[in-house]
Amino acid sequence: MPTSPAPSQRRRTPHRAGLAGAAIAGLVLSLVQAPAALADANPPGEGTSSDNITHLANIPKPSPVDGTNSDLAFTGDYAIGGNYDGFVIYDISTPAEPEITATVLCEGGQGDVSVSGDLLYFSVDYPRESDECGAPESSPTDADAFEGIRIFDISDKANPQYVAAVRTDCGSHTNTLLPGEDGETDYIYVSSYAPSERYPNCRPPHDKISIIEVPKDDPASAAIAAEPVLFPDGGNHDQDNLLRPTEGCHDITVFPSKDIAAGACMGDGLILDIADPLNPTIIDQVRDENFAFWHSATFTNDAKGVLFTDELGGGGAPTCTEEIGPERGANAVYSLKGGNSPELSFESYFKIDRHQGDQTCVAHNGSLIPVPGKDFFVQSWYEGGVSVIDFNDPANPVEIGYFDPDPRVDPEAFGGDTWSTYYYNGHVYSSDIVRGLDVLKIDDDRLKGAERVTYDEFNPQSQPVYSPGRG
């Protein structure tokens, strides 16, 4: 049986998958110089979690899907965990006692997931010799190699079925579900990057995204319906200290009820009009000299603000240190003002101040905690653990809770390294690269309102509007 593929040289995750080129290597090395000194200067926090967070359960990564854990999506009583080797379906009907329902070995790297009813969309970002599960690894120099989106039927959670695959230029680093207004069509926004003249399916300029149209009653006929160029004049290539220049986007978060999206596009942050799903257009565009890599975005529940993350070091460096400071490798909070043509207005940065020494730590994936009328956020920070953030005052966000399984504090803990953390129906779920799936419970009066909000389905990059009793 094929083993997990070695990463191609154009992939993102340096500390998990080898350095992505000399420029990134140089940046990472500059960030981690004298790690012992950093560790001495920045001791860990006093405990592995704050008093308002209880760790309920952990499920280690199951064989054979035991590569790098990545993103999560939710449907009913199930969480679906992406992995570089495939995906795992967890039964979370009893959150304190989650169980594995199915493992699907289908290697291809990244493993970003979105769920729509009985369909699962899965990102493949390492080339394979064909689109079949189990196909050997290939090279981006092979014009016949497959990268893109795989589609599975998960109507039987214990026995998912592979339905179809759609090849996209430069593969699929992330994917975002945009449900069609007719309820019969899904649009999948595929983000990818790192082109090269040597790659026949991924040549520069790569200033676009791919949009796949999926007829839900015939997913086998899914196909690319549009490839809009978001940066016809080129994106941000010249800013000092960029991890990568703008080449398409790293991730997109849609807010379907408002017909807007936020694009995190390496050197640029975008607000997009998506009223025409196949023709997204830029409403506003921002840059920040403190941002090295616009990585992901989350709207407030009223869509009057957006939080962007900066993955300084590409997930491969210890950036949660006094030396790096509070404004790099952080979140940036923006307000959105202007009605139908909103403009981004910078409010503040947020970065955890639990300094992590030489541990890999940087802002990563998270979601709102659905307290009606309020803005709370739960987020992964790699080895910095899980953070709960109050940004109701956008100019002064503060951490109000954390979970950090740190062996420097607790010798019984093994090192956590969380990729994505999301709130779903009363609990917090962390997809940990190393540990597997963690389940947390927050006991905080400020967040009680979220317990009255329930979802039938939740894709964090396709934001719902919530109110008590329903998502």
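Which residue in E27 does threonine 418 stand opposite? The legends below get to that, starting with the whole chain.

**View 1. Confidence along the predicted chain.** This is a predicted model, with a mean pLDDT of 90 for the protein chain. Some 90% of the residues reach 70 or more. The stretch to treat with care is residues 1-43, where pLDDT stays under 50. The model does have 102 contacts beyond four places in sequence for that stretch, but where pLDDT is low, the predicted coordinates shouldn't be read in detail.

**View 2. The largest nonpolar core.** Thirty residues make up this core, and the ones touching the most other members are Phe74, Tyr90, Ile92, Trp381, Tyr424 and Tyr429. Strands E1 (53-59), E2 (69-75), E4 (86-91), E26 (418-424) and E28 (436-442) each give two or more residues to it. Look elsewhere for a second, separate core: it has 18 residues, including Ala262, Phe291, Trp294 and Leu344.

**View 3. A four-stranded open sheet.** Reading across, the strand order is E1-E28-E27-E26, and the pairing is antiparallel. E1 and E26 sit at the edges, each pairing on one side only. From one strand to the next, the twist averages 20 degrees.

**View 4. Close-up of E26 and E27.** Back to the opening question: threonine 418 stands opposite aspartate 432 in E27. The two strands run antiparallel, with six bridges joining E26 to E27 (residues 427-432). As a reminder, strands of a sheet pair through backbone hydrogen bonds.

Note on methods
Residues numbered from 1 in each chain as written. Predicted model: local features only at pLDDT ≥ 70, side-chain atom pairs only at ≥ 80, totals over all residues. Heavy atoms only, no water. pLDDT = per-residue confidence, 0-100. Contact = heavy atoms within 4.5 Å. Core = buried A, V, L, I, M, F, W, Y, C linked by side-chain atoms within 4.5 Å. Buried < 20%, exposed > 50% of the residue type's maximum accessible area, 1.4 Å probe, protein only. Pairing = 2+ DSSP bridges. Axes fitted to C-alpha atoms, helices over the stretch in contact; angles between N-to-C directions.
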